[in-house]
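Here is a short walk through one structure. Keep the 3D view open as you read.

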Amino acid sequence: MSIFRVHIPFLDEVKAHGVRKALLLKADDVVTRITAGLSIADVRAVLRDDPPGRPNPRLKPHSEGFWLHMRPTYYHNLVDGLYPTFRLGWLSTYFFAVEIITGIILMVYYTPSPLVAYENMLNILSNVPFGRLMRDIHRLGAELMVIAVALHMLRTFITGSYKKPRQFTWATGVILLGVTLFLSFSGYLLPWDQLSLWAVTIGASMIEAAPPEVVGKTLSLMVLGGPQIGANGLLRFYLLHVVALPFVGLIAFGVHYYKVIHHGHSLPPEAEEIGVDSATRVPMNQRSYFMPKILTRELFYVSVFTLLLVVVAAYFFHAPLEPHADPQVTPLHTTAPWYFLWLQGMLKLGDKVIWGVIVPTIMGGLLLLLPYLEVGPSRRYAHRRVGLTIAALSVVALAVLSFMGTPWYGVTVTPEVEAVAVILPQTHPGPLRTSPWEEIEYGSFEASAWASAPTPALRELLRTFDHELDRMRAAGQREVEGFMIVEDWQPGLKKITMRVVWVDGETGEPGEFSQVAYFHRDSNYAQGE
Amino acid sequence: MKWHIVLGTLALVLTMAVLAFLALNEPARMDTFIQGYEARRIEQGASLFQSNCSSCHGVQGKGIEGVAPALNAADLFNGQRLERVGWTGTLEDYLEGVIAAGRPVPSAGTTYPQRMPTWGQEFGGPLRPDQIDALVAFIMNWEERALAEAEAPPLEAPSAEMVGTDITIALPEGDPERGKALSEGALGCSGCHVLATVGPPWSASGDLPSLEERAAQRIAAQDYSGEAADAQQYLIESILKPDAYVVAGYPPGVMPKTYGERMTAQDLADVLAYMLSFR
């Protein structure tokens, strides 16, 4: 009957050592398997920062386990401090992980269709516990990731770390920068609000400008799935955002990090002899071991940054959600996301094809080829004055171009429209809608007589309005006056008419502009969205 | 390194505490959001109503005789109208259906010459489903006042004498505030003269001078066919006997000829005062 005999090895252990000892041994065994080589006592020793035994068991997870197989077992002491890396590469990776986690949670509640996408947003905000927090962290993380990646690249340039033999690492990094920017940008469209529709429309018109015409048209058709952005375009942006770009990003990240480890973290420029790359030859006495030092520090960073992200997203930062996308209604000022403002600024310089397509392509190409262009062997700051100056000038140029991309530069909107838009903006709630409802009293008020308005909120609004109208007065218009008329429209609903009348300074023609808004007692624009 | 572990653990615990605190407040936050969003839907509906509906249903939804029925009316909210048309669903669904699909055939008991057009995109109209929801929310927001007005006794019994068609009548002092209420409410002038330019706009704009100046110009015109002797009489004539003189560019017969039977001398004075208050 031996066919029915079951042999349980654990029972043999129990027979040999007793239940307690056998369970402890079993637990030790499980931990050793999970950590790929560290027993419970080893893990404890790592956390306590005890000296490792011989042979060092802390090297095993690197050689036997998957998760640490690419991580070095030790770093050079000189790259272990805040300088020269500033942890920016690590930070970029951290944000990428945060984006993946929050992104997957958001995907659960999202359908990429213009019919329901915006409603999905409202549902996430109103009906999903922690839905708003997830959305806010996702948005905040995206913006911070763009900053971290850009600074990481700048730092790599400044310390000359992209020089031979790390040219290819730099190239993969440029790809990662592109992936980051386009991940962020493709996510812009998904809420299907006015902000997303018009930001993406600007972007898409640039694709269409790519020469020759047949290429631009075809590219634009491929991205938008039609002559205008619609259901097909939304689906394509969604798939780019959740599948294609993360896929490219993960692969490029794998190659990038593999190359970083393969060549070793480049040492501070002043620590090496000119033309010598000594990153992979780390003397025994200058090693910072991954376990315990780097590992505990990274765990520490993860918990601190997560705390910061959660607190900031919960109390200080709320991702904007504008009104439902409407191709019929062009908002007064459509701006690209801030990290593409420089591009919008360049578009104001002249021809769309030259400044919107050709110049950015050349810039991207130069960035990619930079390590093959700046080939001087020295990484010392003093020997790279030209390169560093060009970098500084480029940063300044980007800042100036970004300013030029904002509506404050070179946008010709008539001042009366601008003045009303300050009180009643189309893209965010603005001062009137965030004022206390009760303080917007019924009546007709003149902007210039703001001081005699009955409530503080009205005084403040009218004063702002009048201040904006000063620009018209300065421009030579006569008898400029602003009115604000508040009417009782429905239970809890006020109708507010902002009206500007003037007499043209040159022709003597009277002019009039007015805009109507409705304001409900419970609309609560101050809550964030 | 040990302080890394201590602080890291502390941060983890703090994160959990913040999340727990947020979890406690989450239901209230979600409720606040829903309330705020419902209110914003009404705002959106108000603006859609103004641009798409008010020219037929009146600025305040009181309806325009011979054009479209009242929506800001008790019978819509107390179920009488639904009963009349034989609708057994909710009022919201009724409104949504009528706005989205329009009225290809007139409802039982009505004789409006125009059909309600389709508004929903799914039926070939211009509005998205969420915009129709917003319109429904705005119309439903009249419920409280429409029902209260129906219960309250009529504010002014029609005891005063109607003004008739005498354009030389001596008028009492006018109150522009009351004239505004009349124009936007019972008389419905604003629908064509203030919010739209179906009739000559009351406000001055561009090359259009103020009403007073315009009236003076009109009676001096070559083809003037009315009897007014001065600007005020011209305005009174335009209200009481609209076809006495039709300004070139405006079709005759659009302005109702019944205002003389609907206004007292005080009403006329108030509306005039309101008209002349436009700059």
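**A covered strand and a shared interface**

The model is predicted. Begin in chain A, with a pair of residues: Ile485(A) has Thr497(A) in strand 5 of chain A as its bridge partner. Strand 5 spans residues 493-503.

Now look at its neighbors. Strand 4 of chain A, residues 478-490, runs antiparallel to strand 5, and 10 bridges join them. The two form a hairpin with two residues between them. Gly492(A) sits in that turn, with a positive phi of about 75 degrees.

Strand 6 of chain A, residues 510-520, is also antiparallel to strand 5, joined by 11 bridges. Here Leu493(A) stands opposite His520(A). This hairpin has six residues between its strands, and Gly508(A) in the turn has a positive phi of about 75 degrees.

How covered is strand 5 of chain A? Of its 11 residues, 11 are buried. In a regular strand, side chains alternate between the two faces of the sheet. In strand 5 both faces are covered: one side includes Leu493(A) and Val503(A), the other includes Ile496(A) and Trp502(A).

Next, turn to chain B. In chain A, 52 residues are in contact with 48 residues of chain B. The two chains bury about 4500 Å² between them, 59% of it on carbon and sulfur atoms. On the chain A side, Trp489(A), Gln490(A) and Pro491(A) lose the most area, together 15% of what that side buries.

Three salt bridges cross this interface. Asp326(A) forms a salt bridge with Arg128(B), with the closest N and O atoms 3.6 Å apart. Helix 12 of chain A gives the largest share of the side touching chain B, 13 residues.

Key: Residues numbered from 1 in each chain as written. Chains lettered and ligands numbered in written order. Predicted model: local features only at pLDDT ≥ 70, side-chain atom pairs only at ≥ 80, totals over all residues. Heavy atoms only, no water. Buried < 20%, exposed > 50% of the residue type's maximum accessible area, 1.4 Å probe, protein only. Helix = DSSP H or I, 4+ residues; strand = E, 2+ residues; numbered from the N terminus. Pairing = 2+ DSSP bridges. Contact = heavy atoms within 4.5 Å. Buried area = accessible area lost by both parts, 1.4 Å probe. Salt bridge = Lys/Arg side-chain N within 4 Å of Asp/Glu carboxyl O.
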